[in-house]
Amino acid sequence: MPLQTPPLRGLHDERGAKFTEFGGWDMPVEFDSIRTEHAAVREDVGVFDVSHMGQIHVTGPDATALMQRLTSNDVSRLAVGDSQYAAITDEDGIIIDDTVVYRLPDEDGQATYLFVPNAGTDETTHERWLSYRNEWDLEATVDNRTDEYAMYAVQGPNAVDLVEGVAEESVSDLERFEARYATIGGVDCWTARTGYTGEDGFELLVPWAAAEEIWTALECQPCGLGARDTLRIEAGLLLAGQDFDADTDPRTPYEAGIGFTVALETEFVGRDALAEIEATGVEERLVGFQLIDRGVPRHGYDITTTESRVIGTVTSGTMSPTLERPIGLGYVPVEYAEPGTTLQVVVRGQSKKARVETTPFIDTVQ
């Protein structure tokens with residue numbers, strides 16, 4: 001099948017972007033260089049086109065009940081303009097996806113939500129919501145609106161000033177994980193104080209037809225998926241399909257370090273399994289590490305004990321542009337998960353000394 005393209009694919013090409021396939025989309029991986037774009041976000045401000053992310057809209061009398069039963073966090077806590085990070089789990093408590101859920105203004109007096117599944121999963125997630133809605137006989141409208149929105153992430157220490165300067169309404173008073181509509185270039189954009197870089201900033205949901213107008217109003221360094229990856233690894237944030245995968249590397253929220261998204265006082269698919277795991281504990285846990293020896297850890301590399309016994313696998317790794325040292329994430333048995341523990345990572349057939357580190361690797365606003 002042909003790759004899906006963001007609305008500004010042509011504009012990015014004219015800017016000189018390099019592209020990569022990600023989640024079935026043809027997306028810019030870098031505009032200038034990963035290091036340049038990474039530094040802009042850490043030191044100033046950068047903007048990412050993340051229109052490959054999905055958008056599922058849910059409203060109706062039973063919208064809250066449906067969202068509550070299909071996401072791990074407590075949706076009932078959300079007032080209009082609030083958002084929360086959550087996992088989508090199967091009956092065994094395995095993470096199918098992670099997502100951010102936004103409580104939109106009510107429609108026709110009914111609670112309304114928008115949540116963002118990862119790239120390439122919007123259709124299967126939409127089908128999952130419809131299937132369970134019908135099975136549970138709930139009254140809710142579920143629409144896949146991925147093709148209706150572009151999505152931009154404006155991130156960095158100066159991101160608030162940039163968005164404040166182009167929005168007709170003030171947005172600087174929004175707290176982390178708060179959102180509301182703001183007018184940019186005469187267009188209403190859902191403006192959320194969220195992000196995936198460890199820095200302050202906003203994620204903007206923009207009508208597809210106004211994509212270019214809003215992008216050009218955000219005058220700053222354009223950034224691609226390459227810098228997005230190095231930034232999120234430094235922040236210790238998960239990447240679906242890499243740090244967890246329901247088929248190839250099934251993990252629960254407790255193993256993946258996002259147990260804070262699990263509200264066991266609610267009823268959701270996977271809740272009972274997760275309650276048992278929470279009570280008994282996990283055998284493996286995702287940890288951060290840095291290499292002490294020269295080398296760069298990459299996805300799939302073996303993690304071993306100092307005696308070269310394989311105990312895990314690197315899920316994400318990079319040379320940190322901020323710290324100028326190699327860092328990574330991977331699952332290891334809990335007895336090796338304490339910060340300061342010495343391990344090894346096999347890089348191109350050679351064992352490299354590594355040390356378990358507390359994540360995030362940098363100071364963040366998360």
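**Exercise 1. Determine whether T315 is buried or exposed, and state where T315 lies and what surrounds it.**

Step 1. T315 counts as buried because its relative accessibility is 2%; buried denotes under 20% relative accessible area, exposed over 50%, and partly exposed the range in between, with a 1.4 Å probe and protein chains only.

Step 2. The residue belongs to strand β16, residues 310-320. Strands (E, at least two residues) and helices (H or I, at least four) are DSSP runs numbered from the N terminus.

Step 3. Beyond neighbours within four places in sequence, T315 is in contact with residues including Q242, D249, L286 and Y331, where contact means heavy atoms within 4.5 Å.

The model is predicted: local features need pLDDT of at least 70, side-chain atom pairs count only at pLDDT 80 or more, and totals for chains, interfaces and linings use all residues. Residues are numbered from 1 along each chain as its sequence is written, and side-chain values use heavy atoms, with hydrogens and water left out.

**Exercise 2. Describe the place of E255 and the salt bridge that E255 forms.**

Step 1. E255 sits in the loop between α7 and α8 (271-280), and at 14% relative accessibility E255 counts as buried.

Step 2. With neighbours within four places in sequence set aside, the contacts of E255 include P250, V282, R285 and Y331.

Step 3. E255 and R251 form a salt bridge whose closest N and O atoms are 3.2 Å apart; the term requires a side-chain nitrogen of Lys or Arg within 4 Å of a carboxyl oxygen of Asp or Glu. R251 is buried as well, with a relative accessible area of 10%.

Step 4. Through shared salt-bridge partners, D249, R251, E255 and E284 are joined into one network.

**Exercise 3. Explain which parts of the chain the salt bridge between E265 and R77 ties together.**

Step 1. In this pair the closest N and O atoms are 2.8 Å apart.

Step 2. E265 is in the loop between α7 and α8, whereas R77 is in the loop between α3 (63-70) and β5, so the bridge ties together parts 188 residues apart in sequence.

Step 3. E265 counts as exposed at 55% relative accessibility, and R77 counts as exposed at 55%.

**Exercise 4. Identify the residues with the most contacts inside the largest nonpolar core, and the element that gives the largest share.**

Step 1. The core has 32 residues, and F48, Y102, L238 and I258 have the most contacts inside it. Such a core is a set of buried Ala, Val, Leu, Ile, Met, Phe, Trp, Tyr and Cys residues joined through side-chain atoms within 4.5 Å.

Step 2. Elements giving two or more residues to this core include β5 (83-89), β6 (95-107) and α7 (225-234); the largest share, 4 residues, comes from β6.
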